[in-house]
Amino acid sequence: MNNISVIKLEGEGIGSARTFLKQHGANFFQIDPVVTWAGVMEHLENQIFQYAKSKSVHVARNQEGEIVGLIGFQKKQWDEEHFGYPVAAIDYLYATKGSEGRAAADQLLHVFDSWAAAEGIKRASVRYMQQEEIASALLAHSFYFIENDSYLARDLTKNPPKENTVPSGITIRLYMPGEEEKIYEIVRRAPWTNRFHSDKTIEKTRADELYVKWVRGGISNASKRITVLECEGRLAGFMLWSYERIVSGGDSFLLGDQELVAIDPDFSGRGFARHLYNGCLVHMSKLGVSRAWTVVNSQNTPALKTLKNLGFSSVYTADVYHRQF
Ligand SMILES: CC(C)(COP(=O)(O)OP(=O)(O)OC[C@H]1O[C@@H](n2cnc3c(N)ncnc32)[C@H](O)[C@@H]1OP(=O)(O)O)[C@@H](O)C(=O)NCCC(=O)NCCS
């Protein structure tokens, strides 16, 4: 029988989880072959340290006092406003392998359950790197599998995007104020397969409107960009993207995030997404971005094929689970 105890990590205490995170806290940056190991740890620790200041981070310890699991969760204000009831996300969920890790994941999820009950949470989600112990604990706590996501990245320094590849009649440019409604219309019409659309308990229009809200938030956020594709005088697609500075082992680089892309169904099947992605990569390169990444549902063949054709490679896969209370 595994004797696991769970404690809440407060402020500086996160430093005690350092060794555990190094071995088990795999995230996108740890897998990415381009980012250095020292930089990864610095980034992950900073992220969790900041997170622990305002949200809930707990660790599970075994009888010897070693950390064997970690969970971080929070209420999602944004989703709560949209759905009209409290929504939570488990942003970190790590456990060691074997029966001890399985027991740790279970105990950490019990802590989550109690918190969720006290907060009146009605819906929760978790995205984590596939691991048997965690999957089985999630299923035991009434979570259900939604999708597997692929994280893809492209090195823009070694493999810079080509300019002027757009066929005549097509324009790729930043969106102009006044075009918002046309962009929202594309969001509502696009054949999404992402996690809210894959969850049968969420109505399609609700999921569509959540994406409209995402794009609306992007339009009003100065650090985000929206690039559109214009064809035959109509907006045929858009991409929401952003970039940030990542500090990596004493060095730093700009990482571009291609957050959301959609092509109006009237224009699909003509490879327009490829032009949009490429147009954004060209813009990112000019801003000094050296690495671009994106995440798509692993079943989304049109998006995956487009990205692979553009020289993106898979660096990470994660499973998404949801739960209704
Ligand atoms: C993903 C999306 C933007 C692609 O739009 P598009 O450029 O019109 O895509 P296409 O139909 O031209 O397909 C792209 C490629 O996938 C291939 N493809 C499309 N459907 C396919 C299928 N079912 N099986 C195999 N290949 C397929 C196409 O042949 C094409 O390959 P090619 O470039 O080698 O010719 C569009 O489908 C969309 O808006 N989807 C909803 C939003 C979304 O999922 N966005 C991505 C995540 S944010």
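## A tour of the ligand shell and two helix pairs

Start by selecting the ligand and its surroundings: the shell residues comprise 12 nonpolar, 8 polar and 3 charged. Here Ala, Val, Leu, Ile, Met, Phe, Trp, Tyr, Cys and Pro count as nonpolar, Asp, Glu, Lys and Arg as charged, and the others, Gly among them, as polar.

Before moving on, note that this is a predicted model, in which local features need pLDDT of at least 70, side-chain atom pairs count only at pLDDT 80 or more, and totals for chains, interfaces and linings use all residues. Residue numbers run from 1 along each chain as its sequence is written.

**Stop 1: the ligand**

Which residues come nearest to the ligand? Of the 23 residues around it, pick A262, S268, A273, P302 and K305. Two or more shell residues come from each of β10 (251–263), α10 (272–287) and α11 (301–309). Colour α11 next, since it is worth a look: α11 gives the largest share of the shell, 6 residues. A residue belongs near the ligand if its C-beta atom, placed from the backbone, lies within 6 Å of it. Helices (H or I, at least four residues) and strands (E, at least two) are DSSP runs, numbered from the N terminus.

**Stop 2: α10 against α11**

Keep α10 and α11 selected. Their axes lie 10 Å apart and pack at an angle of about 50°, so the two helices are oblique to each other. The crossing of α10 and α11 is right-handed. To see the contact, show A273, R274 and Y277 of α10 with P302, A303, T306, L307 and N309 of α11. These contact residues divide into 5 nonpolar, 2 polar and 1 charged.

A few terms for your viewer:

- Axes are lines fitted to C-alpha atoms, for helices over the stretch in contact, with angles from 0 to 180 degrees between N-to-C directions.
- Angles under 35 degrees are roughly parallel, over 145 roughly antiparallel, 65 to 115 roughly perpendicular, and the rest oblique.
- A crossing is right-handed if the near helix is turned clockwise from the far one by less than a right angle, and left-handed if anticlockwise.
- Residues are in contact if their C-beta atoms, placed from the backbone, lie within 7 Å.

**Stop 3: α5 against α6**

Now select α5 (residues 98–119) and α6 (residues 132–140), whose axes come within 9 Å and cross at roughly 40°. This crossing is right-handed too. Show G101, R102, A105, D106 and L109 in α5, which meet E133, I134, S136, A137 and A140 in α6.

**Last stop: the domains**

Finally, colour domain 1 (5–142) and domain 2 (153–316), with bounds from an automatic or database domain assignment. Their centres, taken over C-alpha atoms, are 29 Å apart.

Methods:
Two residues are in contact if their C-beta atoms, placed from the backbone, lie within 7 Å.
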